[in-house]
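Biologist: Hey, got a minute to walk me through this one? I'd like to start with the fold and then poke at the surface.

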Amino acid sequence: MANINILKNGPYQIQGDLKIKDGDGNPVDCSEKVFLCRCGQTSNTPFCDGSHKAANFKG
Ligand code: FES
C-alpha cells in the first residue's frame, strides 16, 4: 500500500511499496519515499529537485 500526499505549492510525496516505470516501461530506481514533480520545472524527471520554489509554483 502507498500513501500519497499533495504538498502545498510543491511535489507529490509518495511513501510505501513503490514501483515506478519511465515512459518506455523501464524501472526507475526509487526508495520507499519519493517526491514526484508536479510543477514541470524539475531537471530530474520524474522527481522533484526543488525547482518549484524558484518557479513560484502554486498548487
Ligand atoms: S514540484 Fe518540485 S521541482 Fe516540480
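Modeller: Sure. One term to begin with: strands here are DSSP runs of E with at least two residues, numbered from the N terminus. Also, keep in mind that this is a predicted model.

Biologist: Fine. So how many helices and strands does the chain have?

Modeller: There are five strands and one helix. In sequence order the pattern reads β-β-β-β-β-α.

Biologist: And what does the C-alpha trace span along its principal axes?

Modeller: About 30 × 25 × 15 Å.

Biologist: What share of the residues is buried?

Modeller: Of the 59 residues in the chain, 27% are buried.

Biologist: Switching to the surface: what's the accessible area, and how much of it belongs to carbon and sulfur?

Modeller: The total is about 4300 Å², and carbon and sulfur atoms account for 47% of that.

Biologist: Which residues make the nonpolar patch?

Modeller: Ile-4, Ile-6 and Tyr-12 make a patch of about 300 Å².

Biologist: Where is Ile-6 found, strand-wise?

Modeller: Ile-6 sits in strand β1, which covers residues 2-6.

Biologist: Why can Ile-6 count towards a patch?

Modeller: Because its relative accessible area is 55%, and patch residues need over 30% and no salt bridge. That 55% also makes Ile-6 exposed.

Biologist: Okay, charges. How many positive and negative side chains are there?

Modeller: The chain carries 7 positive and 6 negative ones, and the centres of the two sets are 14 Å apart.

Biologist: Last one: among contacts between residues at least 6 apart in sequence, what share joins residues at least 24 apart?

Modeller: That share is 25%.

Technical notes: Residues numbered from 1 in each chain as written. Predicted model: local features only at pLDDT ≥ 70, side-chain atom pairs only at ≥ 80, totals over all residues. Heavy atoms only, no water. Helix = DSSP H or I, 4+ residues; strand = E, 2+ residues; numbered from the N terminus. Buried < 20%, exposed > 50% of the residue type's maximum accessible area, 1.4 Å probe, protein only. Contact = heavy atoms within 4.5 Å. Areas by Shrake-Rupley, 256 points an atom, 1.4 Å probe, with all protein chains shown as cover. Lys, Arg positive; Asp, Glu negative; His and termini not counted. Charge placed at Lys NZ, Arg CZ, Asp CG, Glu CD. Patch = residues over 30% accessible without salt bridge, like charges linked within 9 Å, V, L, I, M, F, W, Y side chains within 5 Å. Salt bridge = Lys/Arg side-chain N within 4 Å of Asp/Glu carboxyl O.
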